[in-house]
Amino acid sequence: MSDDSNIAEYSVSEISGAIKRTMEDTFGYVRVRGELGRISRPASGHIYLDLKDAQSVLSGVIWRGQASRLKIQPEQGLEVIATGKITTFPGQSKYQMVIDSIEPAGIGALMALLEERRKKLATEGLFAEARKRPLPYLPRVIGVVTSPTGAVIRDILHRISDRFPLHVLVWPVRVQGETSAREVANGIEGFNRLLPGGAIPRPDLIIVARGGGSIEDLWGFNEEVVVRAAAASQIPLVSAVGHETDWTLIDHAADLRAPTPTGAAEIAVPVRGELIASLDDLARRTISGLLRLIAGRRTELRAASAALPSPRDLLALPRQRLDTYGERLAPALRAGLRDKRGRCDAASARLSPHALSRGVSLGRERLAGLEARARRAHLQRLASERARLSSTVKLLESLSYKNVLGRGYALVRGNDGEPLRSATGVAAGAALSIEFGDETRLAAIAGDGGAAPPAPQPAAPRARKSGKTAKAESKGQGSLF
């Protein structure tokens, strides 16, 4: 059995520190090529990721201060070359790479990422032609999102000044680097937030401009935040990024792509001198056309006036008719007056006192005759109706139930006043009302329907009763029905 007493003894921290120093001294700064796997961005601002190849995985971390200065933001599946140092993390007994910078592993990786992003945004409809709007023909204010110190803004201002001087607003941004994408998006959104009629005029057109460069230099204009801001802009937007052969994703989302920043300025405004010349030419053509039109109308008017008859000839026939009607008017008025006078004389003859009195006498005679006829007809109608009423009364009396009561019968009514036709349904003790032929009514109570009541005994003579009581007793032996 071997003796282990001479083996050095370490604490956990000592062995972890020794491994850490060994790793850092051995490797120092390294460049590692691999594909980005898992990427985590916690609230602390650090970025945790995995670098992997076909056989192995290397954990990596980018501290917050370094993450904000990255040219290319890490995305899963992107092949990159990471620069940093290898160290250990004693808290979990693992080694990792502290990354200072990341660059794509060749142009092919960036192009693959760019194509994948283009397809994704195109699927969302951000590049659809139906979303693109026409540019204003003559904007009053142009907003430019670009670097305020570069040659691009000077070229744009110079070209606009030469063609058509107007108000230009510049939103200063970085057009390259880790913060350029966010700044450009903020510039587009800031111009859109300006209110019409405010202290700062709202642009009628936005130009996003940058000079040429490599794909890495222009990568900020391929970021989603820039593309989405351009697509969401309510103000028409022109993309002027790079040279004519340079294409970025903002070119697809913009309403129009200009080959160069100078070309964007030429597209934005027309040439003032050419507009003035065109207006002068149109004015001359308008005046010339009006003069030709007036001359042609004057010639047509002269030709039409030559073909028309003279005013004297036009008035000759109406004048002759007027003379004829004037000659016929006086005899017609005299004849009409004679006719009206004859009618008036005939009417006045009919209105003499003798004729009027005779008409009144005849009217009175007719009125007297009609009055006598009306009186006779009234008396005859009254007698006829009286006879009909008498016969109806007799018929009603013959059909009345009181005639039956007059023959010694009585009418029994229930408590509700309705006549009872049968004893069925009448309970013992129910209140009844009995009506006799002399219109006398007595109250009664229904019996139990048992044995027949005893035969009446001859009563001793008693004094004559008066009033309804005597009447009721004299008729009390009538039958009930």
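**Exercise 1. Which side chains meet in a salt bridge at 3.5 Å, N to O? Place the pair in the chain and classify its burial.**

Ground rules: this is a predicted model, with local features needing pLDDT of at least 70, side-chain atom pairs counting only at pLDDT 80 or more, and totals for chains, interfaces and linings using all residues. Numbering runs from 1 along each chain as its sequence is written, and side-chain values use heavy atoms, leaving out hydrogens and water.

Step 1. Apply the criterion: a side-chain nitrogen of Lys or Arg within 4 Å of a carboxyl oxygen of Asp or Glu. R117 and E223 meet it.

Step 2. Locate the partners. R117 sits in helix α3 (residues 107-123). E223 sits in the loop between β8 (205-210) and α6 (224-232). The two are 106 residues apart, so the pair links distant parts of the chain. Helices (H or I, at least four residues) and strands (E, at least two) are DSSP runs, numbered from the N terminus.

Step 3. Check burial. Buried means under 20% relative accessible area, exposed over 50%, and partly exposed in between (1.4 Å probe, protein chains only). R117 has 5% and is buried. E223 has 13% and is buried.

**Exercise 2. Find salt bridges within helix α9, residues 272-307.**

Step 1. Take D281 and R284. Their side chains meet at 3.8 Å, N to O. Both lie in α9, three residues apart, about one turn of the helix.

Step 2. Grade exposure. D281 is partly exposed at 33%. R284 is exposed at 53%.

Step 3. Take E300 and R297. This salt bridge also has 3.8 Å, N to O. Its partners are three residues apart in α9, about one turn of the helix.

**Exercise 3. How many salt bridges does the structure hold, and which residues are linked in a network?**

Step 1. Count: there are 23 salt bridges.

Step 2. Name the network: K120, E124, E224 and R228.

**Exercise 4. Why does the protein chain count as more spread out than a compact globule?**

Step 1. List the elements: 13 helices and 14 strands.

Step 2. Compare radii of gyration, taken over C-alpha atoms; the globule rule is 2.2 Å times the number of residues to the power 0.38. For 481 residues the rule gives 23 Å, but the chain has 63 Å, well over that value, so it is more spread out than a compact globule.

Step 3. Add the extents. The C-alpha trace spans about 165 × 130 × 40 Å along its principal axes.

Step 4. Add burial. Of the 481 residues, 27% count as buried.
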